[in-house]
Amino acid sequence: MRRAFVNGLLDIMGTERKESKELTYLLAGDLGFSAFENIREDYPKRFMNMGLSEQNMVGVSAGMAYAGKKVFLYSIIPFLLYRTFEQVRNDLCYPRLPVRMVGVGAGLAYADAGATHQPLEDLKVADALPNLTILNPSDAQEVGLFMQKIDSIKGPSYMRLSKNEDIVLHTEDLRINIGKALRLVTGKRILIVSSGVLTKVALEVAGLLNKGEKGAAEVLEIHTFKPFDYGAVIGSARGKELIVTIEDNTGALAEKVASALAGKEVQKFLSFKLPDEFTHVAGTKEYLFKSYGISTSDIYGRIKSVMK
Amino acid sequence: MNMGMTNVPDLKSIANELRKELVVVHAAANAPHIGSDLSCIDILITLYFKVLGKNDHFILSKGHAALALYAVLHKKGIISADDYGSIGKDGSLLAEHPLHGMKGVEVATGSLGHGLSIAAGMALVNKRDNKSGTTYVLLGDGECQEGSIFEAMNFAVRERLNHLVAIVDSNRWQGLDRTLLNAETVNKEFSAAGWTVNEIDGHNFDEIAAALKSNSDAPTLIIANTILGKGIKSMEDKLEWHYRSPSGNSVKDFISEIS
C-alpha cells in the first residue's frame with residue numbers, strides 16, 4: 001500500500017514539474033526508510049524529514065498550507081494523529097486546510113511492534129474531528145485512486161495505510177467516489193460491511209457463504225470512513241436477516257453501522273472488532289486477529305451458527 | 001536623531017488611547033487577560049503602525065491577548081466599529097481568543113505552543129519560493145515552556161529561516177505563578193540552537209521597532225522584557241490581573257492612572 005502512495009505522489013509531483021509548479025510537499029516524521037528514496041532523489045526539495053518533532057511537523061504543514069502549498073504528512077499513526085492531536089484539530093481541521101495526513105500501521109499492521117505502535121482506536125479518534133475526511137483503503141489500487149482524487153478534498157484528510165505489503169483485491173477497472181461506499185458483492189440474506197484491509201476477509205467470508213448458498217451474502221466496503229455513507233448502509237441492510245461488521249478498530253465501524261440502522265428493522269447484528277484493550281503479546285497480525293476471533297474461518301463459523 | 005524618535009509621541013498617544021479602551025472593553029465584556037494585553041500592546045502597536053508591510057505575516061500565538069490585537073486592528077480600521085463594539089456580546093465574532101476567518105486574523109490561536117511552527121511553515125514557503133516578506137509571531141514567555149516551541153526552534157535553524165521573527169512577551173508570569181523559564185534561560189536556549197537573540201525593553205517603542213526591523217542570517221528571537229498590566233500602576237506586575245477584569249468604580253480609577 002505504501003508503494004501505491006509513493007507512486008501516487010511521484011505522479012503528482014511529476015505533473016507539477018511539467019507545469020513548472022512546486023505545490024506538493026512530503027513531510028515525514030523521521031520514518032519511511034526504504035520508502036521515499038525515489039522522491040528524495042527526483043524531488044529533493046519537496047521532501048523534508050521533519051525529525052522526531054511531530055507537533056512541529058503538523059504546525060509547519062499548516063503554515064505551508066496557508067501559503068498555498070499542498071502538504072502530505074507521513075508517520076506511524078499514533079505519532080501522526082495522537083501525539084499531534086491538538087495541532088491536527090486546531091491548526092488543520094479548524095481552518096480546514098488541505099493537508100493530507102498519511103498514516104502507516106493501521107490496526108494491527110504493527111502487531112509485532114507492541115501496543116504503543118498499534119492504533120486500535122484511530123478511526124474513533126479521527127472521526128471526532130470536524131472537517132476531516134477519513135480514507136480507509138482496502139488495497140493498493142484504492143490508495144492509487146485516492147491519490148488521483150486527493151485534490152477534490154477541500155479540507156484536511158487522513159488516509160490510513162497498512163504496511164508495505166501490496167494487497168490486491170480490486171480489478172483494474174475499479175472506480176471510486178470519495179464518500180460513496182462500494183458494493184463489492186450483492187446478496188439477499190446477509191450484509192457484511194467492512195472497512196480497510198479486512199475487506200479481504202469480508203470477501204473471503206462472502207465467497208464461502210455464497211458457495212454454500214448462491215446470492216446469500218452482500219459485501220459493502222466503506223473506504224471513506226468520514227463522511228460516512230449512511231445511505232448505502234441503510235439501503236444494503238434493507239430486507240437482510242443478518243448484518244455483520246468487520247474492522248481492525250475497537251468498534252468504530254460497528255457503532256457507525258448500528259447508528260445508521262437505529263430505528264430500522266434489523267433481525268440480527270454481529271460485529272467483529274478489536275476489544276477495548278491494549279494487546280498483551282507480540283506476534284504476527286494473523287496470530288493476533290485470530291486470538292480476537294477475527295479470521296475468515298472464525299467469522300464464517302459464527303455467521304453459520306447464527307444463520308442455521 | 002533618527003526617524004523613530006519623531007514617531008515616538010504618536011505611538012505613545014495611541015498606546016494611551018488603546019490602554020484606556022482596553023480597560024473599558026474588558027470591564028464591559030467581563031473579559032480576562034487585561035494584564036497580558038497591557039504587557040504586549042506596545043509591541044502590537046509598533047508592529048501594526050511601523051513595521052508590518054503587505055508581504056509580511058503576523059501570528060498572535062499568545063491568543064489570550066486577543067483584545068489587545070482587536071484594539072489595534074480597530075484603530076487601524078481593519079475591524080469595524082460594530083464588530084469591535086460586539087466584544088462580550090452574544091454572537092460576537094471577536095472571542096476571547098481569535099476565531100478563524102475574522103478579518104485581520106491570519107491564524108486562529110488560543111492553545112499555546114502552536115504559533116511558532118505555523119509561522120515557520122509560512123516563512124519556509126517564502127524562503128523556498130524566493131518571496132519577500134517577514135513572518136512575525138508573538139509568543140508569551142509562559143508559552144515558551146510548551147515542548148512544541150522547542151521543536152519549532154530547532155526546525156527554524158535547520159531551515160535557516162532568516163525572515164522569521166519571534167517576539168517573546170516576557171512579563172514573567174503564567175496563569176497561577178511565575179514562569180518556569182525565565183528570560184535568561186529562553187535566551188540561552190535559543191542562542192544555543194542558533195537563533196539571533198535580542199533582548200529589549202518591551203515598552204520602549206524605539207527599541208521595539210529597531211529590533212523588529214533588524215536583519216540577520218538566522219531566525220530572530222526578540223525577548224521583550226515587559227510588565228504585566230503595564231501602564232496602570234495599581235495593576236503592574238500583579239498576577240491577579242492575568243484573569244481578573246476591571247469593574248464598577250475601578251474602571252474610572254484605572255483610566256485615570258494612564259498617562
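**Two chains, two sheets and a helix between them**

I would like to begin at one small spot, A:Pro227, which lies in the loop between β10 and α9 (230-237) of chain A. The peptide bond that joins A:Lys226 to A:Pro227 is cis, with an omega of about -5°. Please keep in mind throughout that what we are looking at is a predicted model. As background for those of you who are new to this, most residues other than glycine have a negative phi, and most peptide bonds are trans.

Chain B also has a spot of this kind, and here it concerns phi: B:Asn130 is not a glycine, and yet its phi is positive, at about 55°. If you look for B:Asn130 in the structure, you will find it in the loop between α5 and β2 of chain B.

Let me now go back to chain A and to its sheet. In what order do the strands of the open sheet in chain A lie? There are seven of them, in the order β2-β1-β3-β4-β6-β5-β10, and the pairing is mixed. At the edges we find β2 (47-49) and β10 (224-226) of chain A, each of which pairs on one side only. From one strand to the next, the twist averages 20°. Helix α1 (residues 2-18) of chain A packs on this sheet, where it touches β1 (24-28), β3 (70-76), β4 (99-104) and β6 (157-161) of chain A, and its direction makes about 145° with that of β1(A). Helix α3 (residues 54-66) of chain A lies across β1, β3 and β4 of chain A, and it runs at about 170° to β3(A).

The edge strand β10(A), which ends just before the proline I started with, pairs with β5 (residues 133-135) of chain A in the antiparallel sense, over two bridges. In that pairing A:Leu135 has A:Thr224 of β10(A) as its bridge partner.

Next, chain B, which contains nine helices and five strands. Along the sequence these follow the pattern α-α-β-α-α-α-β-α-β-α-β-α-β-α. The radius of gyration of chain B is 17 Å, close to the 18 Å that the globule rule gives for 259 residues, and therefore chain B is as compact as a globular protein of that length. Along the principal axes, its C-alpha atoms fill a box of roughly 55 × 45 × 35 Å.

The five strands of chain B form an open sheet in the order β1-β2-β3-β5-β4, with parallel pairing. Because β1 (57-60) and β4 (196-201) of chain B, at the edges, each have a single partner strand, one side of each is left without a neighbour in the sheet. On average, and ignoring direction, neighbouring strands here are turned by 20° against each other. Helix α5(B) packs on this sheet and touches β1, β2 (135-140) and β3 (164-170) of chain B, its direction making about 170° with that of β2(B). Towards the other edge, β4(B) pairs with β5 (residues 220-225) of chain B in the parallel sense over six bridges, and B:Ile200 has B:Ala224 as its bridge partner in β5(B).

That brings me to the place where the chains meet, a contact that takes 20 residues from chain A and 18 residues from chain B. Which elements give two or more residues to the side of chain B that touches chain A? They are α5 (115-128) and α6 of chain B, and α5(B) gives the most, with nine residues. By class, this side of chain B has 10 nonpolar, six polar and two charged residues.

Two packed helices are described by the angle between their axes and the distance between the axes. For α3(A) and α5(B), the angle is about 50° and the axes are 6 Å apart, which means that α3(A) is oblique to α5(B). The crossing of these two helices is right-handed. Among the residues that meet here are A:Gly59, A:Val60 and A:Gly63 in α3(A), and B:Ala120, B:Gly121 and B:Leu124 in α5(B). The residues of this contact divide into 10 nonpolar, seven polar and no charged.

The helix α3(A) also packs against α6 (residues 147-158) of chain B, at an angle of about 65° and with the axes 8 Å apart, so α3(A) is roughly perpendicular to α6(B). This crossing, too, is right-handed. The contact is made by A:Gln55, A:Asn56, A:Gly59 and A:Val60 on the α3(A) side, and by B:Ser148, B:Glu151, B:Ala152 and B:Phe155 on the α6(B) side. By class, it has three nonpolar, four polar and one charged residues.

Conventions. Residues are numbered from 1 along each chain as its sequence is written. Chains are lettered from A and ligands numbered from 1 in the order in which they are written. This is a predicted model: local features need pLDDT of at least 70, side-chain atom pairs count only at pLDDT 80 or more; totals for chains, interfaces and linings use all residues. Two strands pair if DSSP finds at least two bridges between them. Helices (H or I, at least four residues) and strands (E, at least two) are DSSP runs, numbered from the N terminus. Axes are lines fitted to C-alpha atoms, for helices over the stretch in contact, and angles run from 0 to 180 degrees between N-to-C directions. Two residues are in contact if their C-beta atoms, placed from the backbone, lie within 7 Å. Angles under 35 degrees count as roughly parallel, over 145 as roughly antiparallel, 65 to 115 as roughly perpendicular and the rest as oblique. A crossing is left-handed if the near helix is turned anticlockwise from the far one by less than a right angle, and right-handed if clockwise. Ala, Val, Leu, Ile, Met, Phe, Trp, Tyr, Cys and Pro count as nonpolar, Asp, Glu, Lys and Arg as charged, and the others, Gly among them, as polar. The radius of gyration is taken over C-alpha atoms; the globule rule is 2.2 Å times the number of residues to the power 0.38.
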